[in-house]
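User: Please take a close look at the salt bridges in this model. I would like to know which residues pair, where they sit in the chain, and whether they are buried or exposed.

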Amino acid sequence: MLLQIIQAALWGVSTVVAPFLFRFLCGMASEVQRVQRACSKLIQAMSLILITACKYARGILINAAPKGSHPMQVKGKSAQVLLVSSLIVVVTVAFPLATYSQSSSDPEVQQLRELVLKLQSRIEQLEKNQLSRLQASDEPVPNAIQNAAPGKSDSVPAISADRPMLDFLKSTVLDFGLDGYYGYNFNYPIGRVNLLRAYDVSSNAFSLNQANIIIKNDADVAAGRRFGMRVDLQYGQATSTLQGNAGNEPRPDVYRPIFQAYGTYVVPLGNGVTVDVGKWASSLGLEGNYTKDQMNYSRSYWFNFLPFYHMGARANYKFNDKVGFNYWVTNGTQQTEPFNGFKDQMFGLNLMPKKTVNWTVNYYLGQEHPDVVFFNNGGAPPNSPTEQGIPFQPITNAPNGKLHIFDSYLTWQSTPKLTLAIEGDYVIQRLLAESAPAHTVGGALYARYQMTHKAAVAGRTEYLSDRGGLFSGTTQALKEATLTYEYKFAEGFLARTEWRRDFSNRPFFLTDQLGILSSHQNTATLGIVWWWGNKMGESW
C-alpha cells in the first residue's frame, strides 16, 4: 500500500507539475536559451526531489516488509521505484523541451537522451543481478522479476517446475551408520560364541555389528505436509538377530535387509492422530537398535528377549505435552509375514510429568504359535502347496495360547550431566489356552554420567527370572553387570570400551571344552561407531 501511494504521488508530480512548470517558464522566457537553462535547472531540482523521496520510500519498504522477505526483494523494489520514477520525470520534461527547440544537436538535449539510455540499461542490469542472487540463495523468485528479466524466459520456468522436487529433497533426511567391535570372552568358549547376546555375539574376532542406511521424510503439518515415510536398511550380524530368525519369520530371507519401512499420515482430528503403516522397530523395552543412542555398547537381556519389530498399523495421539496414547495392531512379534491368523494388539501410555522425566507404560497381547510351517531348506512332503516357490504345510491342531507382555520404563535427567533409568517387565505365555503358563519377570537399572563434552561413563545391572525358559530355553535366574566408558572424538564418531559379567544360578555358559558349562562369562569389548548424514545430532 505504501509503495502504491508513493508511486501515485511521484506519477502526479511528473505528469502534472513538471509540464505545468515548463509551460509557465516557456511563456515567461523570451529566448530559447533561457528556456533551456530553466528546464535544465527544473530537471536537476526534480531529480533531487525524486531521489530524496525514493530513499524515504526504500526505508519504509524495508521496515514494512513481511517477516521472512528476502532483502534483495526489498532492495529491488526500492531501486525500481527510484529508476522508473526518474525515467518518467526525465521523459515528461525532456520531450517538450526537445519539441520546442527542434534541435538534436543541442548539447543539453543530447545529454538528456544519453541519461535516458543509461537509466534503461541500469534497470535491466539491476533486474539481472537481483534474479541471479535470488536463485543462488534458494529463495522464491518474484513474478515481476521473472517477467521483466530479459534473457531468462527459459531458465525461470525451469526453476519453477523443479521447485516441488527441490523442496522434497530439502526435507528428506539421508543418514548412514557403521558399527563394529572387537570382543573377547575370558571363558575361551568353543566356536568363539558369547551366549545371550543380541549383537556382540562373537569373541576374539573383529566383527561388523551393522551397517545402516536411513531414508526418511517426516510429516510436517506446519509446512502443510501431512504425510511422510521412512526406510531403514540394515546389514551385518545384527541383521541375523533381528531379521533372520526362522522361528518367527516364515520366509526370513525375503525381508532380511529391511529393518523399518513405513508410511505416515497425520489425521486432522483433534491435535492430530499420527498413523504409521508398515514395519517399525518395537518400543517395548527401553533400549533400541542404534548403538549411538544407547547408554552401553552391548544390549540387555530384555532387549534380546522382547520383540524387535512389528508389521501392521499403529496410531499415536498426544493429548498435550505431558500425555500421549499409542495403539498397535500387528501380524505378531517379529513377524513381517504372519504365521497364524491372530492379530496382536498393543496399548501404550506416554507420560511426561516434567521435562526431565519420561515414563512409558505398555501392555501387549499376542498369540505367538504358528499354524503353518515353511520348508525353506527342502524336506517338504510331496505335493505341498507353495508360496512364491517355497513349500509349506499347515499344522494340525495348532497351539493357540496367548502372550501377555507388561512393560514399563522411566528415564530421568536428574542433572544436565546425570541420566538415570529403570525398566520393569513381566511376560506370560501359554502353549494352549488351558496350559500352565511360563513366565519371565525382572528389570534393569541404568546410569550415565557425562564427565566432559567428549567423555562419559555408564553402568547397567539387570535381573531376569526365566521360569519356563521363554528366553534362554531353560529355567534359571540370570543377572548381569556392565560398565562402559565412552569417548566421542567428534559428532559422528565415538568409541566405547566395556566390561561385562553375566552369571546364572546354574551352569549355562560355554567354556573351552564341549559339554563343560560355566555359571558365568566375563567379556571385554571395544566398539567403534560412525554415523553421518544431513541431520547430525539427532536420535535415530
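Analyst: What follows covers the salt bridges, then a pocket and a small sheet. The model is predicted.

The structure holds 15 salt bridges. Three of them are described here one by one.

In the pair formed by Glu 480 and Arg 460, the side chains meet with a distance of 2.7 Å from N to O. Glu 480 belongs to strand β17 (residues 476-490) and Arg 460 to strand β16 (residues 455-467), so the salt bridge ties together parts that are 20 residues apart in sequence. Both ends are buried, Glu 480 as well as Arg 460. This pair is also part of a network of salt bridges, in which Glu 480 and Arg 460 are linked with Arg 197, Asp 200, Glu 287, Arg 500 and Asp 502.

Another salt bridge joins Glu 337 to Arg 251, at 2.5 Å from N to O. The two residues come from distant parts of the chain, 86 residues apart. Glu 337 is in the loop between β7 (323-330) and β8 (344-354), while Arg 251 is in the loop between α7 (237-242) and α8 (252-255). Glu 337 has a relative accessible area of 11% and Arg 251 a relative accessibility of 4%. Buried means under 20% relative accessible area, so both values fall in that class.

The third pair is Asp 232 with Arg 230, whose closest N and O atoms are 2.8 Å apart. Asp 232 and Arg 230 are both buried.

Helix α7, which borders the loop that holds Arg 251, also gives two or more residues to the lining of the second largest pocket. The other elements that do this are α9 (301-305), β13 (403-413) and β14 (418-429). The pocket contains about 600 Å³ of space and is lined by 24 residues. Nearest its centre lie Asn 245, Asn 248, Asn 304, Phe 305 and Gln 334. By class, the lining has 13 nonpolar, 9 polar and 2 charged residues.

Elsewhere, an open sheet of 3 strands runs in the order β10-β12-β11, with antiparallel pairing. β10 (372-374) and β11 (386-387) are the edge strands; each has a single partner strand, so one side of each lacks a neighbour in the sheet. The pairing of β11 with β12 (residues 390-394) is antiparallel and rests on 2 bridges. Ile 390 in β12 is the bridge partner of Glu 387.

Key. Residues are numbered from 1 along each chain as its sequence is written. This is a predicted model: local features need pLDDT of at least 70, side-chain atom pairs count only at pLDDT 80 or more; totals for chains, interfaces and linings use all residues. Side-chain values use heavy atoms; hydrogens and water are left out. Two strands pair if DSSP finds at least two bridges between them. Helices (H or I, at least four residues) and strands (E, at least two) are DSSP runs, numbered from the N terminus. A salt bridge is a side-chain nitrogen of Lys or Arg within 4 Å of a carboxyl oxygen of Asp or Glu. Buried means under 20% relative accessible area, exposed over 50%, partly exposed in between (1.4 Å probe, protein chains only). On a 1 Å grid over the protein atoms alone, a cavity is a set of points where a 1.4 Å probe fits but cannot get out, and a pocket is an open set with protein on both sides within 12 Å along at least five of seven lines; lining residues have an atom within 4 Å of a point. Grid points are joined across faces, edges and corners, and a volume is the space filled by probe spheres set on the points. Ala, Val, Leu, Ile, Met, Phe, Trp, Tyr, Cys and Pro count as nonpolar, Asp, Glu, Lys and Arg as charged, and the others, Gly among them, as polar.
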